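Dear colleague,

Please find the structure below for your records. A summary of the findings follows it.

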Amino acid sequence: MNFNTKVIHGGQQHEPHTGSVNVPVFLTSTFAQRTPGELKNGYEYSRGANPTRQALEDSLASIENGARGLAFGSGLAAIDCVLKLLSPGDEIIAVDDLYGGTYRMFTRLFDKYQLKFTFVNFDDVSKIEQHITENTKLIWIETPTNPLMKLVDIKAVTDLVKGKNILVAVDNTFATPYLQRPIDLGADLVMHSATKYLGGHSDVIAGALVAKTEELGEQLHFIQFASGGILGPHDSYLVLRGIKTLALRVQRHSENGKAVAKYLQQHPSVDKVFYPGLEDNPQYELATRQMKDFGGMVSFTFKSGKKEDAIKFLEQVKVFTLAESLGGVESLANHPAMMTHASIPAEKRAELGITDDLVRLSVGIEDIEDLIADLERAFA
Ligand SMILES: *Cc1c(COP(=O)(O)O)cnc(C)c1O
């Protein structure tokens with residue numbers, strides 16, 4: 001199956017008893033056994049497996065070209081599960097421009113379990129090599145990064161660690177498997193905040209992992225089962241429903257994102273525009289090689305460099321909603337320094353380039369004329 005078919009049919013079956021085209025929402029915590037230990041189709045207790053979650057997990061594995069999908073109560077619960085593969089003393093090399101919540105979990109939660117995190121600028125893959133030691137067990141990639149839309153060359157990283165006992169995990173939340181499939185580029189593991197583009201309608205918090213191999217999938221499933229961060233059946237259904245229109249939505253997000261980036265680029269009040277699909281972006285070549293298109297996330301700064309200008313702008317937009325999160329059908333605008341990335345210390349933010357005049361847009365699938373008119377009015 002090709003991708004647009006997989007988002008609808010990948011791993012899916014009609015419900016065997018009634019022929020129901022969609023998987024029912026199986027609201028059950030437990031499953032009847034005829035005699036002790038004899039399970040129907042492997043179902044025992046919904047923390048271990050639930051048919052609605054299973055349908056979603058099979059879809060996830062299918063669209064990311066992996067062996068096993070797992071659905072979690074949030075994106076962060078999915079990352080938590082990955083880190084529990086590791087032991088005290090293990091080292092993780094992570095890209096330095098990370099989602100704020102991931103950074104918080106790494107530095108304030110798992111740090112105290114003696115996991116050692118090194119944050120590296122992945123622009124140049126040789127910089128990663130310098131930090132690899134015999135204790136390095138995991139490389140954590142986000143591409144494009146949030147909020148500065150920097151790219152990491154996934155293939156170059158997986159080539160670098162080939163033959164070493166190091167897992168490469170990619171947070172594929174921003175790109176989605178429509179634009180980029182990390183497992184095809186050699187990654188061992190893909191993670192999603194399914195809250196964003198996979199769900200796609202800003203109505204659910206959910207997370208996902210897809211493992212390249214059955215073996216890794218089984219290890220992760222054991223951790224999920226043993227620590228319990230699963231996604232419930234209702235929410236699993238919502239994400240599964242969202243995935244069916246993923247290809248269509250991301251196509252439109254990408255068209256609109258590109259149009260907004262081009263509009264911002266020529267606006268006299270705008271200084272920098274961060275969007276991998278602009279031809280003068282230093283990573284444009286990598287973007288066209290690694291991604292099918294460039295998605296709907298665009299960040300920019302003001303010529304004035306003033307925080308007040310960013311705040312006034314955000315107070316004025318109307319079609320764009322000032323809110324955290326991203327990836328839904330509706331357009332959102334956000335001030336990373338005060339909202340999504342407030343958990344990163346100010347000096348660290350400055351070092352990364354997350355300045356106080358930076359605005360991040362999640363460009364939705366509305367009519368582009370209305371989006372541009374809204375931005376135009378807010379600038380005025
Ligand atoms: C939102 C987000 C997360 C965290 O996911 P939740 O579903 O909010 O727990 C992780 N990574 C990225 C890139 C995100 O945007």
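Which residue in strand 7 does Ala71 stand opposite? The partner is Ala208. Please bear in mind throughout that this is a predicted model.

The two strands concerned, strand 1 and strand 7 (residues 207-211), run antiparallel and are joined by five bridges. They belong to an open sheet of seven strands with mixed pairing, ordered 1-7-6-5-4-2-3. Strand 1 (68-72) and strand 3 (116-120) each have a single partner strand and stand at the edges, so one side of each is left without a neighbour in the sheet. From one strand to the next, the twist averages 20 degrees.

Helix 4 (residues 100-108) packs on this sheet, where it touches strand 2 (91-95), strand 3 and strand 4 (136-142). The direction of helix 4 makes about 140 degrees with that of strand 3. Helix 8 (residues 214-227) also packs on the sheet, in contact with strand 1, strand 5 (167-171), strand 6 (189-193) and strand 7; its direction makes about 20 degrees with that of strand 1.

As to the ligand, 14 residues surround it, and the closest are Gly75, Asp171, Ser193, Thr195 and Lys196. Helix 3 (75-83) and strand 6 each supply at least two residues of this shell, which divides into six nonpolar, five polar and three charged residues. An oxygen atom of the ligand lies 2.9 Å from a backbone N or O atom of Gly75. A side-chain N or O atom of Asp171 is 2.7 Å from a nitrogen atom of the ligand, and one of Ser193 is 2.8 Å from an oxygen atom of the ligand. The ligand exposes 380 Å² when taken alone, and the protein buries 93% of that.

With kind regards

Terms used:
Residues are numbered from 1 along each chain as its sequence is written. This is a predicted model: local features need pLDDT of at least 70, side-chain atom pairs count only at pLDDT 80 or more; totals for chains, interfaces and linings use all residues. Side-chain values use heavy atoms; hydrogens and water are left out. Two strands pair if DSSP finds at least two bridges between them. Helices (H or I, at least four residues) and strands (E, at least two) are DSSP runs, numbered from the N terminus. Axes are lines fitted to C-alpha atoms, for helices over the stretch in contact, and angles run from 0 to 180 degrees between N-to-C directions. Contact means heavy atoms within 4.5 Å. A residue is near a molecule or strand if one of its heavy atoms lies within 4 Å of it. A polar contact is a pair of N or O atoms within 3.5 Å; within protein, one must be able to donate a hydrogen and the other to accept it, and residues adjacent in sequence count only if both atoms are side-chain atoms. Accessible areas come from the Shrake-Rupley method with a 1.4 Å probe; for residues, only the protein chains shown count as cover. Ala, Val, Leu, Ile, Met, Phe, Trp, Tyr, Cys and Pro count as nonpolar, Asp, Glu, Lys and Arg as charged, and the others, Gly among them, as polar.
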